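Open the model in your viewer with the backbone shown as a cartoon. The stops below go from a helix to the sheet beside it.

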Amino acid sequence: MLPKGGGSRPRATSDARVAARAKTPRSAREILSARMSRIRKTNTKPEMIVRRLAHGMGFRFRVHRRDLPGTPDLVFPVLRKIIFVHGCFWHQHDCRLGAKQPTANLGYWLPKLARNVERDHQSRAALAEAGWDVSVIWECQTRAPESLPALILALLKTDLQRGGRSRPKIPL
Ligand SMILES: [Zn+2]
């Protein structure tokens, strides 16, 4: 569905957000705006839920390590583990939230979402290559607070506890 008022040209540049605001009819603009606010990349609500829980469980971690591929959300240096907390729409999770498709500005959104997924794959591969054990907690999983602590615990179990796969020693 294309916005009225001559906004049919696909916009690939970063002013697409501004263009959407200016030219998209009100209802679509509201949807876009709600979506934009949900997909802020750092300190999102799902991420804060995971951080609070993990911290409360006694795990110590760094956040948003820019020196690592993909700027991981939670980094557990001692455990050599990384957790990304991904928004389902933004990172195209195979779930109800992730299946929602943009209805306006497709020329902007579709390539952008595809790039996100590609970047995720590349970051995970690079981190694994460097000896990190990488997991993802999805936004939809943070909406099940009763099972989230068990999930976090399972992801952060050390290899030693699991039975001793040796981990490469890489300086932090
Ligand atoms: Zn999901």
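Which strands and which helix do the buried residues of H3 pack against? This is a predicted model, and in it they pack against strand E2 (74–76), strand E3 (81–86), strand E4 (133–138) and helix H6 (148–156).

Select residues 45–56, which form helix H3. At 1.5 Å a residue, the 12 residues of H3 should span 16 Å, and the end C-alpha atoms are 16 Å apart, so expectation and model agree.

Within H3, colour Pro46, Glu47, Val50 and Ala54, which are buried. Looking down the helix axis, the buried residues fall within an arc of 100° and therefore line one face of H3. Now turn to the face of H3 directed away from the buried side: the exposed residues Met48, Arg52, His55 and Gly56 are there.

Step past the end of the helix and select Gly58, which follows H3 and has a positive phi, near 95°.

Next, show the sheet. It is open, with four strands in the order E1-E2-E3-E4 and mixed pairing. Strand E1 (62–63) and E4 are at the edges with a single partner strand each, so each has one side without a neighbour in the sheet.

Select E3 and E4 together. These strands run parallel and are joined by six bridges. To find one residue pair, pick Ile83, whose bridge partner in E4 is Ser135.

Finally, bring H3 back into view with the sheet. H3 packs on the sheet and touches E1, E2, E3 and E4. The direction of H3 makes about 145° with that of E3.

Methods:
Residues numbered from 1 in each chain as written. Predicted model: local features only at pLDDT ≥ 70, side-chain atom pairs only at ≥ 80, totals over all residues. Helix = DSSP H or I, 4+ residues; strand = E, 2+ residues; numbered from the N terminus. Expected span 1.5 Å × (residues − 1). Buried ≥ 20, exposed ≤ 12 C-beta atoms within 10 Å, placed from the backbone. Arc of directions from axis to C-beta. Contact = placed C-beta atoms within 7 Å. Pairing = 2+ DSSP bridges. Axes fitted to C-alpha atoms, helices over the stretch in contact; angles between N-to-C directions.
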